[in-house]
Amino acid sequence: MRRWEHAGDGAGKFWEAGAEGASVTVRFGRIGAAGQARVKEFGTPAQAEAYLVRAVGEKERKGYVATAPGPAPVPAPRSGAASASRAAAASGAPGACPPPNSPWNR
């Protein structure tokens, strides 16, 4: 899902939307809150996509600005042994962490 925010006039609101198949999911609310979610079903994926394009256009005309897409922010490293092993793993040091399919990674 993509995200738009509107901070004008002290509003501090967000709007997220995405289409999957013939349904469009929208989540909205105040920035920092969980917000509300709505799912709207359509007859075909093309109808869902057309609705999403119209809804995005309306929000952008109202002043909502798309935020940068990408993965969720990575938390800051913690101090101690755990961060040392993460740093070793990031550097590619052998034996720093178990292989990806190891039961220790689950």
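Biologist: Let me start with the ground rule: two strands pair if DSSP finds at least two bridges between them. With that in mind, over how many bridges do S2 and S3 pair?

Modeller: S2 and S3 pair over 8 bridges, in the antiparallel sense. Keep in mind that this is a predicted model.

Biologist: Good to know. Which residue is the bridge partner of Glu20 in S3?

Modeller: Ser23 is the partner of Glu20 there. The two strands form a hairpin with 2 residues between them, and Gly21 in the turn has a positive phi of about 65 degrees.

Biologist: Let's stay on Ser23 for a second. Is Ser23 buried or exposed?

Modeller: Ser23 has a relative accessible area of 14%. That counts as buried because the cut-off is under 20%. Ser23 sits in strand S3, and leaving aside residues up to four places away in sequence, Ser23 touches Gly18, Val39, Lys40, Glu41 and Ala48.

Biologist: Now the whole sheet, please. In what order do the strands come?

Modeller: The order is S4-S3-S2-S1-S5, an open sheet of 5 strands with antiparallel pairing. The edge strands are S4 (36-41) and S5 (65-66), each of which pairs on one side only.

Biologist: What actually holds strands together in a sheet, in general?

Modeller: Backbone hydrogen bonds do that job, whether the strands run parallel or antiparallel.

Biologist: Back to S2, then. Over how many bridges do S1 and S2 pair?

Modeller: S1 (residues 2-6) and S2 pair over 5 bridges, again in the antiparallel sense. One example is Glu5, whose bridge partner in S2 is Phe14. Another is Arg3, which has Glu16 as its partner in S2. Their hairpin has 6 residues between the strands, and among them Asp9 takes a positive phi near 60 degrees.

Biologist: You mentioned Arg3 and Glu16. What kind of contact do their side chains make?

Modeller: The side chains of Glu16 and Arg3 make a polar contact at 2.8 Å. Glu16 is in strand S2, and at 11% relative accessibility Glu16 counts as buried. Beyond residues up to four places away in sequence, Glu16 touches Met1, Arg2, Arg3, Thr25, Val26 and Arg27.

Biologist: And Lys13, where is that one?

Modeller: Lys13 is in strand S2, which covers residues 13-20. At 32% relative accessibility, Lys13 is partly exposed.

Biologist: What does Lys13 touch?

Modeller: Setting aside residues up to four places away in sequence, Lys13 touches Trp4, Glu5, His6, Gly29, Arg30, Ile31 and Tyr64. Take Gly29 from that list: Lys13 and Gly29 are 16 residues apart in sequence, with their C-alpha atoms 5.6 Å apart in space.

Biologist: Changing topic: which strands does helix H1 lie across?

Modeller: H1 (residues 45-61) lies across S1, S2, S3 (23-30) and S4, and runs at about 165 degrees to S2.

Biologist: What about the core? Which residues make up the largest nonpolar core?

Modeller: There are 10 residues in that core: Trp4, Trp15, Ala17, Val24, Val26, Ala48, Leu52, Ala55, Val56 and Tyr64. S2, S3 and H1 each supply at least two of this core's residues, and H1 gives the largest share, 4 residues.

Biologist: What's the usual tendency for nonpolar side chains?

Modeller: In soluble globular proteins, nonpolar side chains tend to be buried together.

Biologist: Two Trp residues in that list caught my eye. What does Val56 touch?

Modeller: Val56 touches both Trp4 and Trp15, not counting residues up to four places away in sequence.

Biologist: How many aromatic pairs turn up in the whole structure?

Modeller: The search finds 2 aromatic pairs. In one, Trp4 and Trp15 form a tilted pair, 5.2 Å centre to centre with 55 degrees between the planes. This pair links distant parts of the chain, with Trp4 in S1 and Trp15 in S2, 11 residues apart. Trp4 is buried, at 1% relative accessible area, and Trp15 is buried at 5%.

Biologist: Which residues form the tilted pair at 5.1 Å?

Modeller: Phe42 and Tyr51 form that one, with 40 degrees between the planes. Tyr51 is partly exposed, with a relative accessible area of 25%.

How values were computed. Residues numbered from 1 in each chain as written. Predicted model: local features only at pLDDT ≥ 70, side-chain atom pairs only at ≥ 80, totals over all residues. Heavy atoms only, no water. Buried < 20%, exposed > 50% of the residue type's maximum accessible area, 1.4 Å probe, protein only. Contact = heavy atoms within 4.5 Å. Axes fitted to C-alpha atoms, helices over the stretch in contact; angles between N-to-C directions. Core = buried A, V, L, I, M, F, W, Y, C linked by side-chain atoms within 4.5 Å. Phe/Tyr/Trp six-rings, centres within 6.5 Å; stacked < 30°, edge-to-face > 60°. Polar contact = N/O pair within 3.5 Å; in protein donor to acceptor, adjacent residues only side chain to side chain.
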